[in-house]
Amino acid sequence: MHRHFDDELRQLKGELVRMADMAQSAITQAVEALKNRDKAAAQRVIDSDVGMDSLELVIDDKCLDLIALHQPMAGDLRFITTAIKLNAELERIGDLAVDVAQRAIEIADKPMLKPLVDIPRLADAAKRMTGQAIEAFVNSDTALAKKVILSDSEADELKRRVEKELVYDYMIKDGSTADRAVPLLLTARHLERICDHAVSMAEDIVYMVSAVVVRHHPEEL
Amino acid sequence: MHDTLVDYDKQMGLENFHPSLVKGPVGVNINSLGEADVFGLEPKIISRGVNFYYGSKRALNNINISFAPRRVTAIIGPSGCGKSTFIRLLNRMHELVPGTRLEGEILLDGLDIISPACDAADLRKRVGMVFQKPNPFPKTIFENIAYGLEVNGVTDRQVIEATVVDSLKKAALWGEVKDRLKDSALGLSGGQQQRLCIARALAVSPEVILFDEPCASLDPISTGKIEELILQLKKDYTIIIVTHNMQQAARVSDRTAFFLMGDLIEEGRTDNIFKAPRDRRTEDYITGRFG
């Protein structure tokens, strides 16, 4: 039986995919700006965040409307509550991309401390995990969502490597590198946080699809 | 997840109740539903292998379900699924319809209520019923409640008066009618009439109250009062409510059973049924995808 409600849910899904596209694009552009020392590109990332902020409000409002007007149950209820959570996670990912862009601006005019190796890898992990989480959402794919959750350790390890290298090989040996090392340290942290948000999204998606809570319950994976 | 369920059961006082105490001969194996494994409390009512026929038409198929004492169980399902038919078996109202036949076993505190040895009038004192449409007698408010007592042989005026007051208080109607007990019950609003019917059921000290869509003809305010009343009454009574209103089932019940075309499809904790039903047919029904 066709439900008008299904059309509204599809529309909500479309808005979330749009939010996810914006978040992924922001990560990509922020990391490119960092690598290319492109202040203008970094500024564009910062300026475009307002678009994500507006869309976040639109999606939140839509979710509240659907709950208030349709009193959803079961799978519909899980879908909408998950949408609310994903929306917040994606908005935070957008903010973290802005943080990366700000770091890019901070170091753009300074001599490069070192060639970037692990940070681009971490950026790739952040983009990949965010993309996979959204793909899992679109296709209700719990296997892919679980893959995202299990990738978290890879991101943690990359961040640790960046921190160790910057602190021990640069900052401790030569304190004058701190003003260039700290932005890179923070960038690694921002990117690793993006991975954490992707993991949270994936956990919510597993619940949405299968009603199994894997958040704080790794044994359920 | 399971820890959370067990915690919830503890909060709800359900930790010692489990529907798997019912072992049906064939068909629905309630134990297979995978509820938190908690045992111990005796169910108030057990339906075991119940089939029911209107003439040659089978209306209920092998219903195996149990009802926890002092809890609210909601029965949901589309029109004609057998939910009203089923609760009418629990106080043998089906016997008023000619040409019906019941197979299986229904136990109330272990007593086989279908057995000819069980007196239907005694049973209906223990298992009261409130119907979809308020049906007060064309008598005064006082007489509506006193009537059941008098029919049951109570003659002491003081006892009758005290019971009327007590029943009206329990039904949350006393404050609204205490100065008009001698007025006709037919002058009350629909919501008040329904609470009067609940008071009438309470007057004979039942243990179980069956509600058959009690709010179907009431406005949201009266509905809210009845729902609040059900939540209060469950401290003392085992309540089974048939409702078409999903939100009502979700609001007032501890457990929910879904019937479809005479089958019990799924029974479980209400929050689980409405958040994550196990059966696709339940999901389709509660999300309005049936058609």
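Two residues count as in contact here if their C-beta atoms, placed from the backbone, lie within 7 Å. Keep that in mind for the opening stop, where the contact takes 14 residues from chain A and 14 residues from chain B.

Before clicking further, some housekeeping. This is a predicted model, in which local features need pLDDT of at least 70 and side-chain atom pairs count only at pLDDT 80 or more, while totals for chains, interfaces and linings use all residues. Residues are numbered from 1 along each chain as its sequence is written, and chains are lettered from A and ligands numbered from 1 in the order in which they are written.

**Stop 1: the interface, from the chain B side**

Select α9 (246-252), α10 (270-275) and α11 (280-286) of chain B: each supplies at least two residues of the side of chain B that touches chain A. Helices (H or I, at least four residues) and strands (E, at least two) are DSSP runs, numbered from the N terminus. Color by class and this side of chain B shows 7 nonpolar, 4 polar and 3 charged residues. For the coloring, Ala, Val, Leu, Ile, Met, Phe, Trp, Tyr, Cys and Pro are nonpolar, Asp, Glu, Lys and Arg are charged, and the others, Gly among them, are polar. The predictor gives the complex an ipTM of 0.74 and a pTM of 0.80.

**Stop 2: color chain B by confidence**

pLDDT is the predictor's confidence in each residue, from 0 to 100. Chain B averages 86, with 86% of the residues scoring at least 70. Where in chain B is confidence lowest, and where is it highest? The low is helix α1 (residues 2-11) of chain B at a mean of 43, and the high is strand β8 (residues 238-242) of chain B at 97. Now select residues 11-40 of chain B: pLDDT stays under 50 there, and the model has 58 contacts beyond four places in sequence for that stretch.

**Stop 3: the six-stranded sheet**

Strands pair if DSSP finds at least two bridges between them. Show the open sheet of 6 strands in chain B, ordered β6-β7-β8-β3-β9-β10 with mixed pairing. β6 (127-130) and β10 (263-269) of chain B stand at the edges with a single partner strand each, so one side of each has no neighbour in the sheet. Zoom in on strand β7 (residues 208-212) of chain B, which pairs with β8(B) in the parallel sense over 5 bridges. Label B:Phe211 and its bridge partner in β8(B), B:Ile241. Then add helix α7 (residues 190-203) of chain B, which packs on the sheet and touches β6 and β7 of chain B.

**Stop 4: two helix pairs**

Axes are lines fitted to C-alpha atoms, for helices over the stretch in contact, and angles run from 0 to 180 degrees between N-to-C directions. Select helix α5 (residues 157-170) of chain B with α7(B): they pack at about 130°, axes 8 Å apart. The contact includes B:Val164 and B:Leu168 of α5(B) and B:Leu202 of α7(B).

Over in chain A, pick helix α1 (residues 4-36) and helix α3 (residues 74-108), packed at an angle of about 20° with axes 9 Å apart. By class, the contact of α1(A) with α3(A) has 22 nonpolar, 2 polar and 2 charged residues.

**Stop 5: the four-stranded sheet**

Back in chain B, 4 strands form an open antiparallel sheet in the order β2-β1-β4-β5. β2 (57-67) and β5 (111-112) of chain B are the edge strands, each pairing on one side only. Finish on strand β1 (residues 45-54) and strand β4 (residues 100-108) of chain B, which pair over 8 bridges; B:Asn51 has B:Glu103 as its bridge partner in β4(B).
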